[in-house]
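User: I am new to this structure and would like a close look at a single part. Could you walk me through one of the helices and its surroundings?

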Amino acid sequence: MNDLSDKLQAYLRAKLGEPDLTVTGLARIPGGASRETYRFRAKSGGAERGLILRRDPPASLIETERTTEYQAYEAFHALGLPVPAPVALELDPAPLERPFFIMEEIENCLTGSIVSPDPYGVHRDKIGRQFYGVLGRIAAVDPRDMGLSNFDGETDIHDVAMHEVARWEKVIDEDEIEPQPIVRAAIRWLKRNPPPPAQKIAVVHGDYRTGNFLYDESGTIRAILDWEMAHLGDPLEDLGWAIDPLWAGGNPGFPGGMIARDAAIAAWEKASGLTAEPQALRWWEIFAGLKGAAIWISAAREYAQGRNIDPINAFSGWYCLAFHNMILAERLGEGA
């Protein structure tokens, strides 16, 4: 760790033009299967601040593009959304052995756990209305106005849904290590029952859920994190993922462990100016189960093959995959 700290200090001194800058307290933050995440303190000119290092791992749960994630932080921080300020992006692996980026640390905050039955306690209403409101604000943005039209994804409102099915079917084809009959049935259903065209093409966060944002002791959301799966797509994709039962702490009537489902959708609609048409949202909820299963299938393979033995991959391949198989089976059994 000292070697990494020394290299990071040397990089920041040169990058920021601050020769007296010192790095202390570098420590790995557990979790995060697609990036190594560290916190550290940087002191220069008598001022000290907390920073976060996000470095590519030797092997990743899912292949993501750190430039996309960094651009999302830049754009939405500038827009005034609760997003950490970006500091530096480095694609050359020479300084720290792998590409990385650095952003500000949002300090003295909490995060919710998906295994907690009541992750937000007395703040659940306040946090829920912010959570779905911020997601609606992301959906309301025109990617062209934010300089994000180069993001990966389909830009035809008629084709975006099948584009995403193909994206995750490819992941399953590549990473499946045992037959997945329920997942395959879900793919067939999604293809045979396409949703209405998207209302617009928006920036999709890609992993907007409980556990991927920080809030303070007053119940104010301070940071939306983990934009590494951001892409262009139907904004209902994010809503379907956010209200997925996996994040509900055992009570799917209160998705994310926050406010009731109807209130969540109403908050999103008010902020986005869009409509969560029930048939379309239902399709994207089925899709969320498929997408989750694909991610957990990849996690299982990474762990089984020893490419990434982070315990979160074992947990994902065991618990989360079984959970989404159950949800998909129930929904397909209902005629979806």
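Analyst: Here is a friendly tour of helix 8 and the core to which it contributes. This is a predicted model, in which local features need pLDDT of at least 70 and side-chain atom pairs count only at pLDDT 80 or more, while totals for chains, interfaces and linings use all residues. Residues are numbered from 1 along each chain as its sequence is written, and side-chain values use heavy atoms, leaving out hydrogens and water.

Helix 8 covers residues 278-304 and packs against helix 9, residues 311-333, at an angle of about 150 degrees with the axes 8 Å apart. (Helices are DSSP runs of H or I, at least four residues, numbered from the N terminus; axes are lines fitted to C-alpha atoms over the stretch in contact, and angles run from 0 to 180 degrees between N-to-C directions.) That makes the pair roughly antiparallel, a term for angles over 145 degrees.

Now for the core. Helix 8 gives the largest share of the largest nonpolar core, 13 residues. That core has 83 residues, and Phe76, Tyr132, Phe213, Trp227 and Leu239 touch the most other members. (A nonpolar core is a set of buried Ala, Val, Leu, Ile, Met, Phe, Trp, Tyr and Cys residues joined through side-chain atoms within 4.5 Å; buried means under 20% relative accessible area, exposed over 50% and partly exposed in between, with a 1.4 Å probe and protein chains only.) A second, separate core of 16 residues includes Ala42 and Leu53.

Back in helix 8 sits arginine 282. Arginine 282 is partly exposed, with a relative accessible area of 25%. Its C-alpha atom lies 28 Å from that of threonine 68, 214 residues apart along the chain.

Methods:
Helix = DSSP H or I, 4+ residues; strand = E, 2+ residues; numbered from the N terminus. Parallel < 35°, antiparallel > 145°, perpendicular 65-115°, else oblique.
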